[in-house]
Amino acid sequence: MSSSAPPPYNQWPPPSSPPPPPPGAPRPRRGGFAAAVLAGALVVGGGAGLGGAALWSALDDSGSAPGSSTSSAPLQVSSNADTPAPDGSVEAVAKKVLPSVVALDVTAGQAGGSGSGVVLTQDGLILTNNHVVTLAGETDAGSAQITVSFSDGTRVKGTVVGTDPLTDSALVQAQGVTGRTPITIGKSGVLDVGEQVVAIGSPYGLDSTVTSGIVSALDRPVEVGRDSQGNTTAYPAIQTDAAINHGNSGGALVDMDGQLVGINASIQTADDGNPESGSIGIGFAIPIDELVPIIQQLRDGDTPTHARLGIEVGDAQDGAVVRTVDDGSAAADAGLQEGDVITKVDDHLVDSSGSLVATVRSYRPNDKVTVTYLRDGQTKTTELELGSDA
């Protein structure tokens, strides 16, 4: 990639905030995002009595029947004090990051859902997914009523600062809070396949849930929808086998230093026709490097901008075939033509139209890239400066 990733940072300067409202009643549980309704419940009890009896028999030194005398030998109970979690352990990461992850309950009319979010500033600016605050596109974000629940039990109202459907991102401001714990922003561009990661969020409304796994793949093209103009919401995702379920959307994917490297956004479901299936070990997060400039623009009240080639493409056997080229676009200036099949952008392989969209979305306007394409069976390259959709 020709442009370097934005530098890491921990927080933005917090504006002043009104005093917090009094604590409310326990928050209602609703369906979790991505776009799902809570379909199951935890089952407890059942065989608890039998399990207890079996355990007691195993600890009974004499092996005698109930009611007979037993050994007076004391149970061996550890006297070890609680020891600090080792650096780089999941336990240490969870302790550091949990205060920086929130649960979000969203309602609009009769519709409702839940998701997760990540604290960016001490006064409660929160990063989440656009599909969380819009109830998976069922409502306008401005009409949503949002309740923010922090890990310490604090519950306050939230308001939408801004949204960007093309990167599936949104900012929410928690009202009347101070002294929150901002997450540390890391760099997704330095991740390696096989690296350990931790996911934190509120799957199915189960707040402050921690799961762990590895980076299963990088730059995985993921398409999750289209906006009202038909533009594709796609991103070059971080794939992970850390369990991600409905309700984890908007939550944190962090490295083993507890630094934010991605926003959990979507999952692969089993091929059983049930869109509400849970984790099958294939989840996707939006790389944080792609979101940092969008966050800045949303905070400033600007309309987010995205890199643009200026072409319409379709799937081809070897890549993405150019169907139309906009006059005056970056593609036109670089000499791309209808029928060209784009196979690579810089070092990123392109094997479909979605792959090309996701790859271009990882760049910023005015970035310079090298495009590799096929024309009449011959491989060609061209350098161009990406345009903007602004």
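Ala, Val, Leu, Ile, Met, Phe, Trp, Tyr, Cys and Pro count here as nonpolar, Asp, Glu, Lys and Arg as charged, and the others, Gly among them, as polar. The close-up views below show a predicted model.

**View 1. The lining of the largest cavity.** Rolling a probe the size of a water molecule over the atoms shows where empty space is left. The count comes to two cavities of 30 Å³ or more, and the largest of them has a volume of about 40 Å³. Around this largest cavity stand T167, A234, Y235, P236, I286, P287, E290, L291 and R361, a lining that divides into six nonpolar residues, one polar residue and two charged residues. At least two lining residues come from each of β10 (232-240), β13 (283-287) and α4, and β10 gives the most, with three residues.

**View 2. The closed barrel and the helix that packs on it.** Six strands form a closed barrel in the order β1-β2-β3-β6-β5-β4, and their pairing is antiparallel. From one strand to the next, the twist averages 40°. Helix α4 (residues 288-299) packs on the sheet, where it touches β3 (125-128), β5 (155-164) and β6 (169-174), and the direction of α4 makes about 55° with that of β6.

**View 3. The pairing of β1 with β2.** Strand β1, which covers residues 101-108, pairs with strand β2, which covers residues 111-119, in the antiparallel sense and over eight bridges. Within this pairing, D105 stands opposite S114 in β2.

**View 4. A salt bridge between two loops.** Side chains of opposite charge can pair when their charged atoms come close. The model has four salt bridges by count, and one of them joins D152 to R180, with the closest N and O atoms 3.2 Å apart. Because D152 lies in the loop between β4 (145-149) and β5, while R180 lies in the loop between β6 and β7 (184-185), the pair ties together parts that are 28 residues apart in sequence.

Conventions. Residues are numbered from 1 along each chain as its sequence is written. This is a predicted model: local features need pLDDT of at least 70, side-chain atom pairs count only at pLDDT 80 or more; totals for chains, interfaces and linings use all residues. Side-chain values use heavy atoms; hydrogens and water are left out. Two strands pair if DSSP finds at least two bridges between them. Helices (H or I, at least four residues) and strands (E, at least two) are DSSP runs, numbered from the N terminus. Axes are lines fitted to C-alpha atoms, for helices over the stretch in contact, and angles run from 0 to 180 degrees between N-to-C directions. Contact means heavy atoms within 4.5 Å. On a 1 Å grid over the protein atoms alone, a cavity is a set of points where a 1.4 Å probe fits but cannot get out, and a pocket is an open set with protein on both sides within 12 Å along at least five of seven lines; lining residues have an atom within 4 Å of a point. Grid points are joined across faces, edges and corners, and a volume is the space filled by probe spheres set on the points. A salt bridge is a side-chain nitrogen of Lys or Arg within 4 Å of a carboxyl oxygen of Asp or Glu.
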